[in-house]
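Got your viewer open? Let's take a short tour, one selection at a time.

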Amino acid sequence: MSDRDVARERADQLVAAAEQLFTAGVMSHSGHANLSARLDGQRLLLTPGFVRGLRPEQLATVGFDGQVLAGELQSVSAEIIAMHSAVYEARPHVGAVIHTHSPSATAFAVAHRPLPCRTEPMLRFGQAEDVPVVPWGPRGSDVSVRGIADVLRRRPTTAAVLLANHGLLVFGPDAAATAHLVVAIEESAEAEIAAAAIGGAVDFPPGAQEAVRAAISRVAS
Ligand SMILES: [Zn+2]
């Protein structure tokens with residue numbers, strides 16, 4: 001596939017993922033989110049500052065260094081390039097990054113409470129550990145971006161972080177898998193909060209992760 005075909009395919013995948021987030025009902029009232037996909041070791045495709053009604057040709061191509069190479073970004077989006085780039089630089093196998101203000105996950109972020117992995121979808125869709133909290137810093141600031149990089153270093157297998165007093169940042173191999181994980185995390189956060197009213201959520205039994213892995217490999221083989 002040519003570079004242009006790859007870019008077009010990833011743009012289509014990002015638009016489909018954005019639609020999936022709205023369909024699943026995991027967006028906040030404002031509908032705020034930004035989604036990106038890696039193009040190569042230095043460039044990414046990024047939503048232009050809105051996601052509702054997004055078309056593939058409206059995505060911008062930007063360098064990890066913050067330079068806009070093609071398309072247009074609203075000024076608010078320029079601030080978040082570094083937030084996305086930090087993830088791609090820390091995790092060479094990550095192909096897509098999604099940031100949302102999904103309400104229940106954001107409740108954990110606002111409470112500075114890591115979100116435990118205590119639901120089947122979260123375990124199954126790639127977050128078999130708690131979602132850690134990154135200390136607050138103004139969006140896109142050095143403090144915030146350094147905080148993300150620090151947590152990713154300390155937690156080499158986490159596929160998501162909560163941004164304190166802000167929202168959720170999730171990453172994965174491609175846009176569809178990453179959107180699935182956003183939905184799984186939001187569902188889990190909602191369930192944790194609901195369970196708190198009836199005695200509190202309970203951990204999986206020991207060995208749950210291994211049991212799920214074995215079940216997945218049985219289906220795949
Ligand atoms: Zn945000």
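Before the first stop, a quick bit of vocabulary: a pocket here is an open set of grid points with protein on both sides within 12 Å along at least five of seven lines. Keep in mind, too, that you're looking at a predicted model.

**Stop 1: the largest pocket.** The largest pocket holds about 300 Å³ of space. Select R4, A7, R8, L45 and T61: of the 14 residues lining this pocket, these are the closest to its centre. Now colour helix α1, residues 3-24, and strand β2, residues 43-46; each supplies at least two residues of the lining. Which element gives the most to the lining? That's α1, with six residues. As for chemistry, the lining of the largest pocket divides into eight nonpolar residues, five charged and one polar.

**Stop 2: helix α3.** Next, select residues 81-90, which make up helix α3. Is this helix largely enclosed or not? Seven of its ten residues are buried, so the rest of the structure largely encloses α3. To see them for yourself, highlight I81, M83, H84, S85, A86, V87 and Y88, the buried residues of α3.

**Stop 3: the zinc ion.** Finally, show the zinc ion along with H99, H101 and H166. Each of these histidines coordinates the zinc through its NE2 atom, at 2.1 Å. Follow the donors along the chain and you'll get the spacing H-x1-H-x64-H. Before you leave, click on H99: why does H99 count as buried? Its relative accessibility is 0%, so H99 falls under the 20% cut-off for buried.

Methods: Residues numbered from 1 in each chain as written. Predicted model: local features only at pLDDT ≥ 70, side-chain atom pairs only at ≥ 80, totals over all residues. Heavy atoms only, no water. 1 Å grid on protein atoms, 1.4 Å probe; cavity = no way out; pocket = protein on both sides within 12 Å on 5 of 7 lines; lining within 4 Å. Points joined across faces, edges and corners; volume = space filled by probe spheres on them. Helix = DSSP H or I, 4+ residues; strand = E, 2+ residues; numbered from the N terminus. Nonpolar A, V, L, I, M, F, W, Y, C, P; charged D, E, K, R; others polar. Buried < 20%, exposed > 50% of the residue type's maximum accessible area, 1.4 Å probe, protein only. Donors = N, O, S within 2.8 Å, 3.2 Å for Na, K, Ca; no water.
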